[in-house]
Amino acid sequence: MKTTIEELKREDIKKIFLRRLGANMIKLEAVNINVAESVSSDFTETNISFLEKEGDSSKVVCANETRAKGFLDGIFKSLYEKYVSEYHSLSNIKLINLSVSPLMSSAIKSIGTDAKTSVTVVSEIENYGYVNFSSTSRSLVYSSFCASLSTFEFYINCEKCFYLLQKVFEDAKRRSREDVAQECVRDMSFLTSVNRYEKGKKV
């Protein structure tokens, strides 16, 4: 599959994460997801758990009995409610669509029911347009979970990195280190090309 301009830009920003945050990058990894639906209810109940890694620390985060309008809404709602109070820029993200592409060539069974599925979660970043995060597995639900985790992981690290750069920039200005200050400005310009950051923003 061809790499998109959006993906190339995201890879450049991830390189900034590596340089600036290093081991302090947040990583979110799927552990478990259960989805319960009934024809007698308009709601879907999701129970998710995932690993949150930062530096040498790792913890399992759970969000149980989330009621939503479909499993993807439940996943997004759970992640949003978990992180938006700490990372205010996440309030700019809105779930838009889910794109599913079965990869029939990956099937082992002759009837093709075990084919892998490529899932793309489409979100809108307020004033910045649409973004796509994808994952492939043999489960539509699991792929959707992983793609959603990737979305939140990326934008959480954007905010962490932006405020770290602000501190480094202010310190560089105090020490008259224009070279360091200019490096910070350059890196912050990459981060502000994908979202905006406002401390204390109401959510």
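## Close-up views of two sheets and their helices

**View 1. Strand 5 pairs with strand 6.** Strand 5 (residues 116–125) and strand 6 are joined by nine bridges and pair in the antiparallel sense. This is a predicted model, so please read each view here with that in mind. Two residue pairs help you find your way along the ladder: Val121 has Phe133 in strand 6 as its bridge partner, and Val119 is matched with Ser135, also in strand 6. At the turn, the hairpin of strand 5 and strand 6 has three residues between the strands. Look there for Asn127, which takes a positive phi near 70°.

**View 2. The sheet of strands 4, 5 and 6.** Pull back a little and the hairpin becomes part of an open sheet of three strands, ordered 4-5-6 and paired antiparallel. Strand 4 (93–103) and strand 6 (129–137) are the edge strands, each pairing on one side only. From one strand to the next, the twist averages 20°. Helix 3 packs on this sheet and touches strand 4, strand 5 and strand 6. The direction of helix 3 makes about 135° with that of strand 6.

**View 3. Strand 5 and its other neighbour, strand 4.** Strand 4 and strand 5 run antiparallel and are joined by ten bridges. A handy landmark here is Leu95, which stands opposite Ser123 in strand 5. How many of the ten residues of strand 5 are buried? Eight are, so strand 5 is mostly covered, with "buried" standing for under 20% relative accessible area. As a reminder for reading any such strand, side chains in a regular strand alternate between the two faces of the sheet.

**View 4. The sheet of strands 1, 2 and 3.** Here is another open sheet of three strands, with the order 1-2-3 and antiparallel pairing. Its edge strands, pairing on one side only, are strand 1 (26–37) and strand 3 (57–68). Neighbouring strands of this sheet are turned against each other by 15° on average, direction ignored. Strand 2 (residues 44–54) runs antiparallel to strand 3, and ten bridges join the two. To place yourself in that pairing, find Thr44, which stands opposite Ala68 in strand 3.

**View 5. Helices against the sheet of strands 1, 2 and 3.** Helix 2 (residues 71–83) lies across strand 1, strand 2 and strand 3, and runs at about 45° to strand 2. Helix 3 (residues 140–174) also packs on this sheet, touching strand 1 and strand 2. With the direction of strand 1, that of helix 3 makes about 145°.

**View 6. Helix 3 meets helix 4.** Which way does helix 3 run relative to helix 4, roughly parallel or roughly antiparallel? Helix 3 and helix 4 (residues 178–191) pack at an angle of about 160°, and their axes are 9 Å apart. Because angles over 145 degrees count as roughly antiparallel, helix 3 is roughly antiparallel to helix 4. Their crossing is left-handed. Among the residues in contact, helix 3 brings Phe162, Leu165 and Phe169, while helix 4 brings Val185, Met188 and Leu191. Sorted by class, the contact has 13 nonpolar, one polar and three charged residues. Gln166 and Lys173 of helix 3 take part in this contact too, as do Glu178 and Asp187 of helix 4.

How values were computed. Residues are numbered from 1 along each chain as its sequence is written. This is a predicted model: local features need pLDDT of at least 70, side-chain atom pairs count only at pLDDT 80 or more; totals for chains, interfaces and linings use all residues. Side-chain values use heavy atoms; hydrogens and water are left out. Two strands pair if DSSP finds at least two bridges between them. Helices (H or I, at least four residues) and strands (E, at least two) are DSSP runs, numbered from the N terminus. Axes are lines fitted to C-alpha atoms, for helices over the stretch in contact, and angles run from 0 to 180 degrees between N-to-C directions. Contact means heavy atoms within 4.5 Å. Angles under 35 degrees count as roughly parallel, over 145 as roughly antiparallel, 65 to 115 as roughly perpendicular and the rest as oblique. A crossing is left-handed if the near helix is turned anticlockwise from the far one by less than a right angle, and right-handed if clockwise. Ala, Val, Leu, Ile, Met, Phe, Trp, Tyr, Cys and Pro count as nonpolar, Asp, Glu, Lys and Arg as charged, and the others, Gly among them, as polar. Buried means under 20% relative accessible area, exposed over 50%, partly exposed in between (1.4 Å probe, protein chains only).
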